[in-house]
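Okay, hi everyone, thanks for coming. I'll walk you through one structure today, starting with the overall picture and then zooming in. Have a look at it on the screen first.

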Amino acid sequence: MRISSVGYSIRQGAKNIRRNLLFSLASIGTIVACLFVFGLFYAVLVNFRSAILKIENTISISVFFDEDLSTEGINLIGEQIKTRKEVNTIDYISPEQAWEEFSEQTYDDPEAARAAFGDDNPLANSASYKITLLDSSTQADFVQFLEGIDGVRKVSSSTYTADSISAINAFVGYSSFGIILILLLVSIFLINNTIIIGITVRREEIKIMKLIGATNAFVRAPFIVEGIVIGLIGSIIPIVLLYYLYDMVINYIAGRFTILKSLFDFTPPAELFKILIPLTLVIGIGIGFFGSLITTRRHLKV
C-alpha cells in the first residue's frame, strides 16, 4: 500500500470515529472497562502469587533418618533430594539445633531448660533435612519419593495446607480467566456494531470505489484503522488509571497498615507495569484489529 493510501485510510478511519461518535465512545468505554478489570486482576494475581510463594516457603517437609544411619548415609540422602527439580531449599537440622529451636518455642525460659538437661539432649535422634518446594502442588508426589529412600525413618509434611493453597491458586486463576474472556467478547461485539454502522453509512461510497477498481484491502483499511485507534485509546486510558491507583493503594497501605506491609510484600509498580503496559496495549490493539477485520470480512460484500 502506497503512502498516500495509508494517509487516506488514517483520515477515513478518524472520520468514521467522528461520524459514529456514540458507538465509538461505547466501544472505547467497554475496552477501557475490560482492560481496567484485566489490569486489576493481573495486579491481584501477581501480588497473590507473591504471597503464595512466601507462604509456600514457610511450608516445610522434614525428613528424619534411621537412628543408626552414618553421616555418609545422611549426606547421600541429601544428594538424592537435591537432584529433584521441585526442591527450593534444603537445610540440615542437627540434633543440637533441633533441641535449641524446640526449647525456644516450648519453654518460657529456654536457657534454663537447656541448662537443666545439660549435655543430655532429649532430641539426640532428631537430625533431619528441612525442605521447601517451588510448587506446593507437587508435595504429595515428592513425599512419596522421600518415603521410598533407604535410611529415611519418617517424613513429616503438611499435605492439607499444600492442597488448600493449590486449590485457591486454581480457583483465582479460572475465575479471572472467565471474567476477562466475557469482557473481551463484549468489547469485540461493540466494535463489531461500530464498524457495521460505518459500513452502512458509507455503503454507496464503497460501492462506487469497488466499481472503479478499488481492492478489498483498500476498502477495508479505514475500518481496520478505526478499530485499531479505538483499541489503542481504550488500552492507554486504563494503563494510566491503574498506575496511579496501584501506586496510591500501596503507598496508603504502607503509611496506614505497617503490620500488613510487613506480612505482605507488594510488587513494585515498575516491576508490575513493565509487563502490564505492553500486555494491555497488545490486547487492546488486538481487540480493535481482529474485531474490525472479522466484521469487514463478513459485511463488506458490496
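So, the protein chain has 11 helices and 4 strands. One thing to keep in mind: this is a predicted model. The chain has 302 residues, and 38% of them are buried. Now take the contacts between residues with a separation of 6 or more: 84% of those come from residues 24 or more positions apart.

Let's go inside. Which residues have the most contacts inside the largest nonpolar core? They are Ile61, Ile81, Tyr129, Ile131, Phe142 and Leu146, and that core has 18 residues. Several elements give two or more residues to this core: strand 1 (61–65), helix 3 (71–82), strand 2 (87–93), strand 3 (128–133), helix 6 (139–147) and strand 4 (152–156). There is also another core, apart from this one, with 10 residues, including Phe38, Ile180, Leu272 and Phe273. As background for the newcomers: in soluble globular proteins, nonpolar side chains tend to be buried together.

Let me pick out isoleucine 131. If you set aside the neighbours within four places in sequence, isoleucine 131 is in contact with Ile59, Ser60, Ile61, Val63, Ile81, Val87, Thr89, Ile90, Phe142 and Leu146.

Two names on that list, Phe142 and Leu146, bring us to helix 6. Which residues of helix 6 are buried? Gln139, Phe142, Val143 and Leu146. These four sit on the same side of helix 6, because they cover an arc of only 100° around the axis. Turn to the face pointing away from that buried side, and you find the exposed residues Asp141 and Gln144.

Next, charges. How many salt bridges does a search of the whole structure find? It finds 2. One joins the side chains of lysine 82 and glutamate 79, at 4.0 Å from N to O. Both of these residues lie in helix 3, 3 residues apart, which is about one turn of the helix. Glutamate 79 counts as partly exposed, because its relative accessibility is 46%.

The other salt bridge is between the side chains of glutamate 86 and arginine 84, at 2.9 Å, again N to O. Is glutamate 86 buried or exposed? With a relative accessibility of 12%, glutamate 86 counts as buried. Arginine 84 has 26%, so it counts as partly exposed.

Now let's look for a pocket. The largest pocket has a volume of about 260 Å³. Its lining is made of Ser60, Ser62, Phe64, Ile93, Ala98, Glu101, Phe102, Gln105, Leu123, Ser126, Ser128 and Lys130. Which elements supply at least two of those lining residues each? Strand 1, helix 4 (95–106) and strand 3 do. Helix 4 gives the most, with 4 residues.

Let's stay with one of those lining residues, Ser128. Serine 128 is in strand 3. Its relative accessible area is 6%, so serine 128 is buried. Leaving out residues up to four places away in sequence, serine 128 touches Val63, Phe64, Phe65, Asp91, Tyr92 and Ile93. You can also compare positions along the chain and in space: serine 128 and isoleucine 61 are 67 residues apart along the chain, and their C-alpha atoms are separated by 9.7 Å.

Here's another serine to find on your screen. Serine 235 is in helix 9, which covers residues 216–256. Serine 235 counts as buried because its relative accessibility is 0%. What does serine 235 touch, once residues up to four places away in sequence are left out? The answer is Ile31, Leu35, Thr280, Leu281 and Gly284.

Last stop: leucine 45, in helix 2, residues 21–56. At 29% relative accessibility, leucine 45 counts as partly exposed. Not counting residues up to four places away in sequence, leucine 45 touches Val172 and Ser176. Leucine 45 and valine 172 are 127 residues apart in sequence, and from C-alpha to C-alpha they are 7.8 Å apart in space.

If you want to trace one thing yourselves afterwards, start from Ile131 in the 18-residue core and look for its contacts Phe142 and Leu146, two of the buried residues of helix 6. That's it from me, thanks!

Technical notes
Residues numbered from 1 in each chain as written. Predicted model: local features only at pLDDT ≥ 70, side-chain atom pairs only at ≥ 80, totals over all residues. Heavy atoms only, no water. Core = buried A, V, L, I, M, F, W, Y, C linked by side-chain atoms within 4.5 Å. Buried < 20%, exposed > 50% of the residue type's maximum accessible area, 1.4 Å probe, protein only. Contact = heavy atoms within 4.5 Å. Arc of directions from axis to C-beta. 1 Å grid on protein atoms, 1.4 Å probe; cavity = no way out; pocket = protein on both sides within 12 Å on 5 of 7 lines; lining within 4 Å. Points joined across faces, edges and corners; volume = space filled by probe spheres on them.
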